[in-house]
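Q: Please go through this model term by term. For each label, set the value against the cut-off behind it.

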Amino acid sequence: MDEKFATAEGTRKFAARFPEAAREYFRETPSGLRLSSIGIGTYFGNWDTETDAAYAESVTRFVELGGNVIDTAANYRFQRSERNIGKALQNLEAKGFGRGELLICTKGGFLPFDGEPSSDVRTYFEETFVKPGIADFADLAGGSHCMAPKYLQNQLDQSLGNMELETVDVYYIHNPEMQLGEVDKHTFEARLGKAFETLEENRSAGKLRFYGVATWNGFRVSPQQENYHSLERMVSIAKQIAGQDHGFKFIQLPFNLAMPEAYLLNNQAFQGKVYSAVEAARNLGVTVISSASIFQKKLEGNLSVNVRKIFGDLPSDAQTAIQFVRSTPGVTTALVGMAQTKHVEENLRLLKIAPTGEEDFQELFTR
């Protein structure tokens, strides 16, 4: 492809391909990237060739219809989702889409396996990581999570190979709160700092542009909880390592109609005041990407008439759930798992529909 990573110019070019896009369908990040308010996730699905082909086709169709945020992880379908994205990127290059137009995000932390799950996790970890000197059993949390520097380096290089990329746009440490069940806060922050050092080194080497954390519980629980993350503290650690030009610019967290804590729970300190995770991120110049936007399909068939009315009486519950997330002030992109082109085509109809206005959005919380 023409460029190695997403650029301001490239993402503006992508947005210009879709003049029919409604107001605020594309949003600009603090780094100047123009991103679609709907992103494609690649978590669910069987580890078989049929699902591989479906994902490659879905990612291709997603971009053709106006989405430029693509999210995956090393462990998603045991590396297969990353490889499917690599195939899709080849398809898209042939169709004239440039690398600079697309934001490619992946994650490292959980054991990835290779193509299918291992029947003996301990032996797999020992043979794949311990014996080559990449990680030790002491680095492993919960029997499945590791963020030791050499391990993250190995996983980043593996992801680049899987997707046939020179640079990944956003590299997340995947669910770092897994470590907090095993180590104290001081040890956790020391490990996080070493991980950030490794990621900053890879920024300098051109292997990644930005980094962050993709969490499940860390940003949506109270500070008293064991698995709580302070976003201000994480940014402070990044600044200690790399100064104001640090690369900690993205977070991913679950946010949907059933899990609204990122917007409603004031649990994040910033300069002596307390904010929600979404507000704190905005204050810190960190872009928020929502995962689980339709709550893994659990919201389908369960939305009230009132909720559907507020968000425009859209044809499906899935579209309504996505509209809620992308209408939330401070959320840049709502990730949705889409392994079938019919779901891509249904959800990308929102390209022509503006997000719900803030006054109407707030009505949801005042009734």
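A: Buried means under 20% relative accessible area, exposed means over 50%, and partly exposed lies in between, with a 1.4 Å probe and protein chains only. The model is a predicted one, in which local features need pLDDT of at least 70 and side-chain atom pairs count only at pLDDT 80 or more, while totals for chains, interfaces and linings use all residues. Residues are numbered from 1 along each chain as its sequence is written, and side-chain values use heavy atoms, with hydrogens and water left out.

Q: Why is D71 called buried?
A: D71 has 3% relative accessibility; the limit is under 20%, so D71 counts as buried.

Q: What makes K107 and D71 a salt bridge?
A: A salt bridge is a side-chain nitrogen of Lys or Arg within 4 Å of a carboxyl oxygen of Asp or Glu. For K107 and D71 the N to O value is 2.6 Å, so the pair meets the rule. K107 sits in strand 5 (residues 103-108) and D71 in strand 4, 36 residues apart, and the pair links distant parts of the chain. Helices (H or I, at least four residues) and strands (E, at least two) are DSSP runs numbered from the N terminus. K107, at 1% relative accessibility, counts as buried.

Q: How do you know that R77 and D52 form a salt bridge, and which parts does the pair tie together?
A: Their closest N and O atoms are 2.6 Å apart, so the pair falls within the cut-off for a salt bridge. R77 is in the loop between strand 4 (69-71) and helix 3 (80-94), and D52 is in helix 2 (residues 49-64), so parts 25 residues apart in sequence are tied together. R77 and D52 are buried.

Q: What makes D169 and R99 a salt bridge, and where do they lie?
A: The N to O value is 2.8 Å, so this pair also satisfies the rule. D169 belongs to strand 6 (residues 168-174) and R99 to the loop between helix 3 and strand 5, so the pair ties together parts 70 residues apart in sequence. D169 and R99 are both buried.

Q: How many salt bridges does the rule give, and which residues are linked in a network?
A: The count is 16 salt bridges. R61, E64, K95 and E345 are linked in a network of them.

Q: Why are strand 9 and strand 10 called paired?
A: Two strands pair if DSSP finds at least two bridges between them. Strand 9 (residues 266-270) and strand 10 (residues 273-276) have 4 bridges, in the antiparallel sense, so they qualify. A269 stands opposite V274 in strand 10. The hairpin of these strands has 2 residues between them, and Q271 takes a positive phi near 50 degrees.

Q: What makes a set of residues a nonpolar core, and how many residues has the largest?
A: The members are buried Ala, Val, Leu, Ile, Met, Phe, Trp, Tyr and Cys residues joined through side-chain atoms within 4.5 Å. The largest has 81 residues, and I38, F62, I173, L231, F248 and I251 have the most contacts inside it. Another core, apart from the largest, has 13 residues, including L33, L35, A214 and I289.

Q: Why is the protein chain called as compact as a globular protein of its length?
A: The radius of gyration, taken over C-alpha atoms, is compared with the globule rule, 2.2 Å times the number of residues to the power 0.38. The chain has 20 Å, close to the 21 Å given for 367 residues, so the description applies.
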